[in-house]
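Please walk me through this structure, taking the helix packing first and then turning to the backbone, the cavities and the pocket.

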Amino acid sequence: MTDELGIRRGHALRAAVEQGLAGQAEPVVGLLDIAGIAGSAKALKAAFATPGVAITHTFAVKAASLVPVLGLLAECGLGAEVASPGELALARAAGVPAERTVLDSPAKTVAELREALALGIAVNADNPEELARIDRLRDTAPAGSPVGLRVNPQVGGGSIGAMSTATASSKFGVALRDPGATEWVLDAYARRPWLNRLHTHTGSQGVPLELMAAGVRAAYDLAERINAAAGRQQVEALDIGGGLPVNFGSDEVTPSFADYADLLRAEVPGLFDGRYGIVTEFGRSLLAKNGTVLARVEYAKSAGGRPIAVTHAGAQVATRTVFVPDSWPIRVLALDAKGVEKGGEPVVQDVAGPCCFAGDLVAKGRALPLLESGDHVALLDTGAYYFSNHFAYNSLPRPAVYGYRVPRDGEVEFAQVRAAQTEEELLAESGAGFPALRLQG
């Protein structure tokens with residue numbers, strides 16, 4: 001699979017330059033491997049598939065907030081995990097059915113909750129105040145939406161603090177190890193027979209599988225206590241979140257969905273015995289390997305004896321990589337002017353972006369074939385977040401994104417996912433249609 005991914009990517013990079021999708025007119029573009037995305041969805045479904053267990057896989061929309069991508073994933077049988085009105089609108093526009101949609105957010109408004117309940121979308125309440133809001137909404141307009149409570153098992157964090165959501169003081173969910181918290185949860189379910197799900201999510205990049213499994217185990221044990229107290233199967237489904245980390249060092253997919261599912265079967269066997277439905281919310285692990293940023297080298301220069309390739313891909317598309325490079329390293333391919341991978345002896349050099357601050361580097365001191373003006377670089381493993389977390393520094397426009405297919409004859413077919421942001425759109429976004437502010441009214 002990894003060889004096929006690299007072969008398809010190579011064809012697509014060359015074709016994108018040949019067909020003018022990338023070049024002087026469009027110096028940075030995003031590419032998504034359609035077959036790769038479908039393959040990732042298939043691998044996820046196969047890993048968790050268990051006879052007699054109802055499983056709903058949702059995609060975390062924040063990882064790729066692109067309607068055509070959500071539509072492709074829906075065609076592959078996945079739903080959507082949304083965390084804002086905007087993300088819900090995107091999922092609905094992509095045709096994701098309500099029964100495969102989950103609303104998560106630590107700051108849901110009354111209007112958001114009302115809409116979700118009216119549509120029959122599953123809701124995971126984050127805290128006691130939100131649960132009380134749902135009580136009041138159900139009193140005025142009873143709904144059939146599955147409703148759960150998010151709990152924080154407080155099992156600890158991984159190597160990236162910002163991605164760890166099960167620490168002692170995480171902002172998410174009800175902290176189970178706080179004094180009286182578990183008792184409050186048990187009482188909350190006892191007083192709400194319709195509360196029929198339980199949700200947890202330990203984190204994502206930097207979080208080891210064993211910690212993820214420990215979080216799921218804590219939620220499972222709590223569900224068992226809730227059901228025992230109720231004398232029935234009140235908690236019908238466990239939403240175990242997503243968070244599978246991605247290997248950014250090579251094309252190898254490790255850990256795999258199968259690795260995680262097998263660990264859960266060993267550590268939480270009751271999760272797969274048919275009494276509980278399972279909901280997942282993977283994002284990065286489905287898309288990262290299947291995306292590439294392709295950017296033109298505008299200038300090649302040198303400073304202090306260090307060659308520097310100044311490209312059009314920097315903090316505006318690779319925000320986390322630029323600001324926290326140790327946690328979010330990126331692989332860079334050096335390509336020639338035709339989009340073909342360059343040969344030659346590696347030379348230690350910097351690969352810089354277009355933003356006007358000194359730290360705008362996607363790779364520092366990286367050994368690559370020497371890049372020259374007119375060449376290109378490919379930033380690998382950028383299918384997740386890099387196209388949805390645009391950083392509008394220097395009013396740089398959002399780049400176009402294309403999906404690609406590589407038929408057996410090798411003739412690459414592109415399908416536009418998003419058009420490049422126009423100058424008119426950028427102006428409108430920046431208030432150009434409003435009159436200038438005045439010192440006096």
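**Helix packing, cavities and a pocket**

In this predicted model, helix α2 passes helix α9 in a right-handed crossing. On the α2 side the contact is made by Ser40, Ala43, Leu44, Ala47 and Phe48, and these residues meet Phe257, Ala258, Tyr260, Ala261, Leu264 and Arg265 of α9. Sorted by class, the residues of this contact comprise nine nonpolar, one polar and one charged. As for the geometry, α2 spans residues 34-48 and α9 spans residues 257-267, and the two helices pack at an angle of about 15 degrees with their axes 8 Å apart. Since angles under 35 degrees count as roughly parallel, that angle makes α2 roughly parallel to α9.

A second pair to follow is α5 and α6. Helix α5, residues 110-119, packs against helix α6, residues 128-140, at an angle of about 55 degrees, and their axes are 10 Å apart. The two helices are therefore oblique to each other, and the crossing of α5 and α6 is right-handed. From α5, the residues that make the contact are Val110, Leu113, Arg114 and Leu117, while α6 contributes Glu130, Arg133, Ile134 and Leu137. By class, the residues of the contact of α5 with α6 divide into five nonpolar, no polar and three charged.

The third pair is formed by α7 and α8. The axes of helix α7, residues 181-190, and helix α8, residues 209-230, come within 10 Å and cross at roughly 45 degrees, and α7 and α8 are therefore oblique to each other. Here α7 passes α8 in a right-handed crossing. In α7 the residues Thr182, Val185, Leu186 and Tyr189 meet Leu222, Arg225 and Ile226 in α8, and the residues of this contact divide into five nonpolar, one polar and one charged.

Two features of the backbone can be picked out in the loops. Pro255 is placed in the loop between β9 (237-239) and α9, and the peptide bond from Thr254 to Pro255 is cis, with omega near -5 degrees. Gln154, in turn, lies in the loop between β6 (147-152) and β7 (174-175), and phi of Gln154 is near 50 degrees, a positive value in a residue other than glycine.

Both partners of the cis peptide bond, Thr254 and Pro255, appear again in the lining of the largest cavity. A search of the whole structure finds three cavities of 30 Å³ or more, and the largest cavity has a volume of about 70 Å³. Its lining consists of Leu244, Pro245, Val246, Asn247, Val253, Thr254, Pro255, Phe257, Ser285 and Lys289, which by class gives six nonpolar, three polar and one charged residues. Phe257 in this lining is also one of the α9 residues that make the contact with α2.

The last feature is the largest pocket, which has a volume of about 550 Å³. The pocket is lined by 30 residues, of which Lys62, Thr165, Phe172, His201 and Tyr385 lie nearest its centre. The elements that give two or more residues to this lining are β10 (277-282) and α10 (284-287). By class, the lining of the largest pocket has nine nonpolar, 11 polar and 10 charged residues.

Key. Residues numbered from 1 in each chain as written. Predicted model: local features only at pLDDT ≥ 70, side-chain atom pairs only at ≥ 80, totals over all residues. Heavy atoms only, no water. 1 Å grid on protein atoms, 1.4 Å probe; cavity = no way out; pocket = protein on both sides within 12 Å on 5 of 7 lines; lining within 4 Å. Points joined across faces, edges and corners; volume = space filled by probe spheres on them. Helix = DSSP H or I, 4+ residues; strand = E, 2+ residues; numbered from the N terminus. Nonpolar A, V, L, I, M, F, W, Y, C, P; charged D, E, K, R; others polar. Axes fitted to C-alpha atoms, helices over the stretch in contact; angles between N-to-C directions. Parallel < 35°, antiparallel > 145°, perpendicular 65-115°, else oblique. Left-handed = near helix turned anticlockwise from the far one by under 90°. Contact = heavy atoms within 4.5 Å.
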